Amino acid sequence: MSDATPVAGFACPDLSSFCRLDELGLEVTGQLLEPGRAVLACRVVDPDQWCRRCGCEGLARDTVTRALAHEPFGWRPTTLLVTIRRYRCTGCGHVWRQDTSLAAEPRAKLSRRGLRWALEDLVVQHLTVARVAEGLGVSWNTANTAVLAEGKRVLIDDPTRFDGVKVIGVDEHVWRHTRRGDKYVTVIIDLNRPGFRSVLQARMEPMNQKYSPEMRERALRMLDEARASGDHPNLMSAVRHVAGLLGMSAETLRVWHRRREVDTGQRPGVPTDVAEENKRLRRENAELKKANEVLKAASVFFAKELDRP
């Protein structure tokens with residue numbers, strides 16, 4: 001049977017390229033597949049035999065191994081067992097190791113690709129740190145510490161992160177639901193990001209829509225029943241629960257509840273009917289002022305016309 005690889009456009013199988021180890025300056029020399037993980041034996045591609053102190057050539061002394069958690073493939077944790085050669089300088093006797101800065105940070109337990117995978121899954125896929133740690137085959141503390149350090153380096157310490165940003169907005173997200181209330185995180189957003197304005201408008205539409213009086217009465221009745229059930233520790237917990245059931249904003253329901261307390265005398269403030277009457281009077285007053293200004297301007301105009309010979 002003839003080989004159809006050149007015709008189909010396929011290249012020869014390369015595990016180093018498949019696992020993206022060529023980007024890290026590594027080459028796979030062996031593999032060990034276990035039920036719970038995969039271990040890839042690797043070596044550093046570029047030699048590093050020149051002394052960093054005097055510049056003389058060094059001789060290979062021995063080798064050491066370094067274990068790095070890599071991005072998983074098929075949700076099987078992948079570990080890189082990197083063999084690093086050590087050299088001794090023939091001139092000054094200095095001993096050093098091969099440079100592995102492309103593969104990982106010094107003393108890091110995650111490869112750069114593994115760290116990138118963890119950061120993207122946390123930010124884009126919204127995975128938890130525990131799930132990321134499970135995918136990498138490391139402890140929670142190891143994953144959390146590495147992601148925080150990488151996020152600070154990539155996102156916070158980047159001096160060009162605000163280049164091209166003209167308008168900044170602030171949004172809040174619920175990152176954890178508890179029986180004692182939800183935990184929120186504040187996020188800074190670039191409002192000029194392509195496509196974000198349409199998303200923002202879609203999110204704001206439920207807040208801007210007008211509800212019927214029947215809908216308001218139903219929502220307040222459900223809120224009273226939720227508070228009386230004792231399943232919610234505070235008012236806002238019941239408000240969020242009922243608002244989620246009705247598909248409306250929790251802030252709208254909270255304002256309704258507060259307005260009802262004012263109307264019934266349970267909370268100090270201006271009742272709704274008085275507020276509406278004041279609003280109507282202010283609107284009429286503004287219209288009268290505008291009409292008065294028009295009459296004044298007209299009287300001045302006609303006075304000038306009458307004064308002409």
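**View 1. Meet the largest nonpolar core of this predicted model, a set of 15 residues.** Seven members touch the most others: Leu21, Leu26, Leu40, Cys42, Leu68, Leu80 and Val82. Which elements give two or more residues to this core? They are β1 (26-33), β2 (38-44), β3 and β4. As a bit of background, nonpolar side chains in soluble globular proteins tend to be buried together.

**View 2. Here we zoom in on Val82 and its contacts.** Skip the neighbours within four places in sequence, and Val82 is still in contact with Leu26, Cys42, Val44, Val64, Thr65, Arg66 and Leu68. Leu26, Cys42 and Leu68 also turn up among the core residues that touch the most other members.

**View 3. Now for helix α4, which spans residues 129-136.** Its buried residues are Val129, Val132, Ala133, Gly135 and Leu136. Why do they line one face of the helix? Looking down the axis of α4, you'd find them within an arc of 160 degrees, so they share one face. It helps to know that an α-helix has 3.6 residues a turn, so residues three or four places apart point the same way. And what covers the buried residues of α4? The cover includes β3 (58-73), β4 (76-89), α3 (112-123) and α5 (140-156). Just after α4 comes Gly137, with a positive phi near 75 degrees.

**View 4. Last up is an aromatic pair, one of two in the model.** Tyr87 and Trp96 are stacked, with ring centres 5.8 Å apart and 20 degrees between the planes. Are these two residues buried or exposed? Tyr87 is buried, because its relative accessible area is 5%, and Trp96 is buried too, at 4%.

Note on methods
Residues numbered from 1 in each chain as written. Predicted model: local features only at pLDDT ≥ 70, side-chain atom pairs only at ≥ 80, totals over all residues. Heavy atoms only, no water. Phe/Tyr/Trp six-rings, centres within 6.5 Å; stacked < 30°, edge-to-face > 60°. Buried < 20%, exposed > 50% of the residue type's maximum accessible area, 1.4 Å probe, protein only. Helix = DSSP H or I, 4+ residues; strand = E, 2+ residues; numbered from the N terminus. Arc of directions from axis to C-beta. Contact = heavy atoms within 4.5 Å. Core = buried A, V, L, I, M, F, W, Y, C linked by side-chain atoms within 4.5 Å.
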